[in-house]
Amino acid sequence: MLTIGEFSNICRVSTKTLRYYAEIGLILPDEINPENGYRYYSIDQLEKMLLINRLKAYSFSLEEIKSILDSEKKGWKRCFLLHSIKRKRRLR
């Protein structure tokens, strides 16, 4: 397990941003210590956070990123969803 500080350093995201992402349900800590509220992230969550960073670099909104991550939970293919978001953007 990584502390929020360690995780933020590896992913190059501030702890404030990680707390906000947890608040909006984008990426949740794997564990929160009930005694002191410390947040811990797993090594497995690094891939998800790096995907979030990459999608942000491609100018996807947090809402769009959340849709992409939620769709993967439902078994949808990432490339299909990215394509549909691109199409919607062109229509605006």
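## A walk through a small helix-and-strand model

The protein chain has five helices and three strands. Keep in mind as you look around that this is a predicted model. Going along the sequence, the elements come in the pattern β-α-α-β-β-α-α-α. The chain has 92 residues, and 32% of them count as buried. Its accessible surface comes to about 6,600 Å², with 51% of that belonging to carbon and sulfur atoms. Now for the contacts: if you take those with a separation of 6 or more, 47% are between residues 24 or more positions apart.

**The sheet**

Let's start with the strands. Strands of a sheet pair through backbone hydrogen bonds, and they can do that in a parallel or an antiparallel way. Here, three strands make an open sheet in the order S1-S3-S2, and the pairing is antiparallel. Strand S1 (2-3) and strand S2 (31-32) stand at the edges with a single partner strand each, so each has one side without a neighbour in the sheet. S1 and S3 are joined by two bridges. If you want a spot to zoom in on, find Thr3, which stands opposite Tyr40 in S3.

**A pair of rings**

Which kind of residue pair does the structure hold just one of? It is an aromatic pair. The partners are Phe7 and Tyr41: their ring centres are 4.4 Å apart and their planes meet at 10°, and since planes under 30 degrees apart count as stacked, this pair is stacked. The pair also ties together distant parts of the chain, because Phe7 sits in helix H1 and Tyr41 in strand S3 (residues 39-41), 34 residues apart. Are the two partners buried or exposed? Phe7 is buried, with a relative accessible area of 0%, and Tyr41 is buried at 0% as well.

**The core and helix H3**

Phe7 turns up again in the largest nonpolar core. That core has 20 residues, and the ones touching the most other members are Phe7, Leu18, Met49, Ile52 and Ile65. Helices H1, H2, H3 and H4 each supply at least two residues of this core. H3 gives the largest share of it, five residues.

So what does H3 look like up close? Helix H3 covers residues 45-57, which is 13 residues, and at 1.5 Å a residue it should span 18 Å; the end C-alpha atoms are 19 Å apart, which agrees. Its buried residues include Gln45, Leu46, Met49, Leu51, Ile52 and Leu55. When you look at that list, it helps to know that an α-helix has 3.6 residues a turn, so residues three or four places apart point the same way.

Met49 is a good one to click on. Leaving out neighbours within four places in sequence, Met49 is in contact with Phe7, Cys11, Val13, Leu18, Tyr21 and Ile27.

**Where H1 meets H2**

Next, have a look at Ser8, which is in helix H1. Ser8 is buried, with a relative accessible area of 7%. Apart from neighbours within four places in sequence, Ser8 is in contact with Val13, Ser14, Thr15 and Leu18.

One of those partners, Thr15, belongs to helix H2. Thr15 is partly exposed, with a relative accessible area of 27%. Not counting residues up to four places away in sequence, Thr15 touches Ile4, Gly5 and Ser8. Thr15 and Gly5 are ten residues apart in sequence, and their C-alpha atoms are 6.4 Å apart in space.

**Two loop residues with positive phi**

Which residues have a positive phi although they are not glycines? Arg12 is one, with a phi of about 60°, and Ser59 is another, at about 70°. Arg12 is in the loop between helix H1 (4-11) and helix H2 (15-24). Ser59 follows H3, in the loop between H3 and helix H4 (62-73). Here they are side by side:

| Residue | Phi | Relative accessible area |
|---|---|---|
| Arg12 | about 60° | 78% |
| Ser59 | about 70° | 54% |

Are these residues buried or exposed? Exposed means over 50% relative accessible area, so at 78% Arg12 counts as exposed, and so does Ser59 at 54%.

Notes
Residues numbered from 1 in each chain as written. Predicted model: local features only at pLDDT ≥ 70, side-chain atom pairs only at ≥ 80, totals over all residues. Heavy atoms only, no water. Helix = DSSP H or I, 4+ residues; strand = E, 2+ residues; numbered from the N terminus. Expected span 1.5 Å × (residues − 1). Buried < 20%, exposed > 50% of the residue type's maximum accessible area, 1.4 Å probe, protein only. Phe/Tyr/Trp six-rings, centres within 6.5 Å; stacked < 30°, edge-to-face > 60°. Pairing = 2+ DSSP bridges. Core = buried A, V, L, I, M, F, W, Y, C linked by side-chain atoms within 4.5 Å. Contact = heavy atoms within 4.5 Å. Areas by Shrake-Rupley, 256 points an atom, 1.4 Å probe, with all protein chains shown as cover.
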